[in-house]
Amino acid sequence: MTADAAARVEQLRANLAAVHERIARGCAEAGRDPGAVTLVVVTKYFPASDVLLLHRLGVRHFGENRDQEAGEKFAEVRRALADAGEPDLTLHFIGQLQSNKAAHVAGYADVVESVDRAKLVTALAKGAHAADRRLQVLLQVSLDGAASRGGVLPEQADEMADVVAAQGLLDLRGVMAVAPLGADPDEAFARLHDVADGIRARHPDADWISAGMSGDLEAGLRHGATHLRVGTAILGSRPSLL
Ligand SMILES: *Cc1c(COP(=O)(O)O)cnc(C)c1O
């Protein structure tokens, strides 16, 4: 390992330990079992080499939000892991997704967390069929009263859940949301928890709640998050924000 890689792995190790510590404390305060919480490390804008270092540190769930970047990076990562005889990983697609890219994403993502419209559901199902794969799907819920940043409105979530569940190759697993900028994350995630309860009443397997990022993971844990999506707290600030 080069000196640069050795320094990077120490930085990632320390950041990862700090996040695990926050999760442990947040779970203790919320009376929850940390074993029931999955950390998804968001590696967007960071290279395949960082993914491989994180994998060596035990991370098995990764999140990406752009199709082209994710497809290329994780093809490289999976090749390297297979060559080294290392265990595979689970890739979560967490970004807004155009339906014309859905079939491509269906070929490499394991979980698609950002499903918010029927057209996208159909396109993902077609892609899953073509790739001979099953996909786990979360409905992205918009908590800012508008669908501007993606997501179904809470009042339309039950109907969209039924649309996903009707597709044989898509497994509806639950909901995802981003707390609106400037909003109280506790209020937002309490709302998401209500939406999740409504969906789970109709679809018992849909018991995942993906809520909480670097800045608000404790709020996610207070409101039932089963999956946290954490980028900057582990990898550092992103090189650029497009
Ligand atoms: C980038 C991103 C994250 C991670 O955000 P951080 O603040 O860097 O932890 C989580 N969720 C989504 C949907 C993202 O796009």
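## Two loop residues with positive phi

Asp132 lies in the loop between helix H5 (118-131) and strand S5 (135-140). The model is a predicted one. In this model, phi of Asp132 is near 55 degrees, which is a positive value in a residue other than glycine. Asp132 is exposed, with a relative accessible area of 70%. It counts as exposed because that class begins over 50%.

Tyr45 also has a positive phi, near 75 degrees, and Tyr45 is likewise a residue other than glycine. Its place in the chain is the loop between strand S1 (38-42) and helix H2 (48-56). Is Tyr45 buried or exposed? The relative accessible area of Tyr45 is 17%, so Tyr45 is buried, given that buried means under 20%.

## A residue of helix H2

Helix H2, which follows the loop of Tyr45, contains Ala48. The relative accessibility of Ala48 is 7%, and Ala48 therefore counts as buried.

How far apart are Ala48 and Leu181, in sequence and in space? Along the sequence they are separated by 133 residues, and in space their C-alpha atoms are 29 Å apart.

## The ligand and its surroundings

The model also holds a ligand, which sits in the largest pocket. Which residues are around the ligand? They are Val42, Lys44, Ile94, Val178, Met213, Ser214, Arg229, Val230, Gly231, Thr232 and Arg238. By type, this shell divides into 5 nonpolar, 3 polar and 3 charged residues. Among the nonpolar ones is Val42, and Val42 is also the residue at which strand S1 ends. Lys44 and Arg238 are among the charged residues of the shell, while Ser214 and Gly231 are among the polar ones.

## Contacts with ligand oxygen atoms

Three residues of the shell can be described in terms of distances to oxygen atoms of the ligand. For Ser214, a polar side-chain atom lies 2.5 Å from an oxygen atom of the ligand. Arg238 also takes part through its side chain, where an N or O atom is 2.8 Å from an oxygen atom of the ligand. With Gly231 the backbone is involved: one of its polar backbone atoms is 2.8 Å from a ligand oxygen atom.

How much of the ligand's area does the protein bury? Taken alone, the ligand exposes 390 Å², and the protein buries 87% of that area.

Conventions. Residues are numbered from 1 along each chain as its sequence is written. This is a predicted model: local features need pLDDT of at least 70, side-chain atom pairs count only at pLDDT 80 or more; totals for chains, interfaces and linings use all residues. Side-chain values use heavy atoms; hydrogens and water are left out. A residue is near a molecule or strand if one of its heavy atoms lies within 4 Å of it. A polar contact is a pair of N or O atoms within 3.5 Å; within protein, one must be able to donate a hydrogen and the other to accept it, and residues adjacent in sequence count only if both atoms are side-chain atoms. Accessible areas come from the Shrake-Rupley method with a 1.4 Å probe; for residues, only the protein chains shown count as cover. On a 1 Å grid over the protein atoms alone, a cavity is a set of points where a 1.4 Å probe fits but cannot get out, and a pocket is an open set with protein on both sides within 12 Å along at least five of seven lines; lining residues have an atom within 4 Å of a point. A molecule sits in a cavity or pocket if more than half of its atoms lie within 2 Å of its grid points. Helices (H or I, at least four residues) and strands (E, at least two) are DSSP runs, numbered from the N terminus. Buried means under 20% relative accessible area, exposed over 50%, partly exposed in between (1.4 Å probe, protein chains only).
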